[in-house]
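This report describes the fold, the strand pairing, the nonpolar core and the largest pocket of one chain. Please read it alongside the sequence and the coordinates.

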Amino acid sequence: MSTAMDNPTSETPRAAQAAAGSALVLSRTFDAPRSAVFAAWTDPEALPRWFGPRGFALPVCRLDPRPGGELHFQLTFEEHEDVWVKGI
């Protein structure tokens with residue numbers, strides 16, 4: 001039995017193509033200028049204003065969106081243990 005994963009084409013949904021290549025593709029359209037959306041994700045002063053569940057804070061937030069750059073932040077909440085995130 002052949003599936004879309006065996007022969008990805010332009011007609012294959014992007015999610016299925018991504019799964020075949022072990023990549024995760026998320027897509028969403030925002031009613032905002034592209035530069036504002038980019039800044040919301042890459043500005044270490046902007047990210048803590050909206051990122052994470054309600055009631056959480058990001059007391060540590062370091063972002064370097066350049067290739068090979070690093071993401072490092074701490075999520076805190078009164079009734080839970082801190083969560084540290086680090087990636088490149």
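How many helices and strands are there in the chain? The chain has two helices and three strands, where helices (H or I, at least four residues) and strands (E, at least two) are DSSP runs numbered from the N terminus. From the N terminus on, the order of the elements is α-α-β-β-β.

The model is predicted, so local features need pLDDT of at least 70 and side-chain atom pairs count only at pLDDT 80 or more, while totals for chains, interfaces and linings use all residues. Residues are numbered from 1 along each chain as its sequence is written, and side-chain values use heavy atoms, with hydrogens and water left out.

Of the 88 residues in the chain, 18% are buried; buried means under 20% relative accessible area, exposed over 50%, and partly exposed in between, with a 1.4 Å probe and protein chains only. Contact means heavy atoms within 4.5 Å. Among contacts between residues at least 6 apart in sequence, 4% join residues at least 24 apart.

**Strands**

Strand S2 covers residues 71–77, and five of its seven residues are buried, so the strand is largely enclosed by the rest of the structure. S2 pairs with both S1 and S3; two strands pair if DSSP finds at least two bridges between them. Strand S1 (residues 57–63) runs antiparallel to S2 and is joined to S2 by five bridges. Strand S3 (residues 80–87) is also antiparallel to S2, with six bridges between them. A hairpin of two residues connects S2 to S3.

Some of the bridge partners are listed here.

| Residue | Opposite residue | Strand of the opposite residue |
|---|---|---|
| Ala57 | Thr76 | S2 |
| Gln74 | Trp84 | S3 |
| Phe77 | His80 | S3 |

Thr76 belongs to strand S2 and is buried, with a relative accessible area of 19%. Apart from neighbours within four places in sequence, Thr76 is in contact with Gly55, Phe56, Ala57, Pro59 and Asp82. Ala57 is thus named twice for Thr76, as the residue that stands opposite and as a contact.

**Nonpolar core**

Which residues form the largest nonpolar core? Its six residues are Leu47, Leu58, Cys61, Leu63, Phe73 and Leu75. A nonpolar core is a set of buried Ala, Val, Leu, Ile, Met, Phe, Trp, Tyr and Cys residues joined through side-chain atoms within 4.5 Å. S1 and S2 each supply at least two residues of this core, and the largest share, three residues, comes from S1.

Leaving out residues up to four places away in sequence, Leu47 touches Ala40, Trp41, Leu58, Cys61 and Leu63. Phe51 lies in the loop between H2 and S1 and counts as partly exposed at 22% relative accessibility. With the same sequence neighbours left out, Phe51 touches Trp41, Leu58, Phe73 and Leu75. The C-alpha atoms of Phe51 and Leu75 are 9.3 Å apart in space, and the two residues are 24 apart in sequence.

**Largest pocket**

The largest pocket holds about 220 Å³ of space. On a 1 Å grid over the protein atoms alone, a pocket is an open set of points where a 1.4 Å probe fits, with protein on both sides within 12 Å along at least five of seven lines; lining residues have an atom within 4 Å of a point. Grid points are joined across faces, edges and corners, and a volume is the space filled by probe spheres set on the points.

The pocket has 14 lining residues, of which Trp41, Leu63, Asp64, Glu70 and Leu71 lie nearest its centre. Helix H2 (34–42) and S2 each supply at least two residues of the lining. By type, the lining has eight nonpolar, three polar and three charged residues; Ala, Val, Leu, Ile, Met, Phe, Trp, Tyr, Cys and Pro count as nonpolar, Asp, Glu, Lys and Arg as charged, and the others, Gly among them, as polar.

Asp64 is in the loop between S1 and S2 and is partly exposed, with a relative accessible area of 26%. Not counting residues up to four places away in sequence, Asp64 touches Gly69 and Glu70. Asp64 and Asp43 are 21 residues apart along the chain, and their C-alpha atoms are separated by 8.7 Å.
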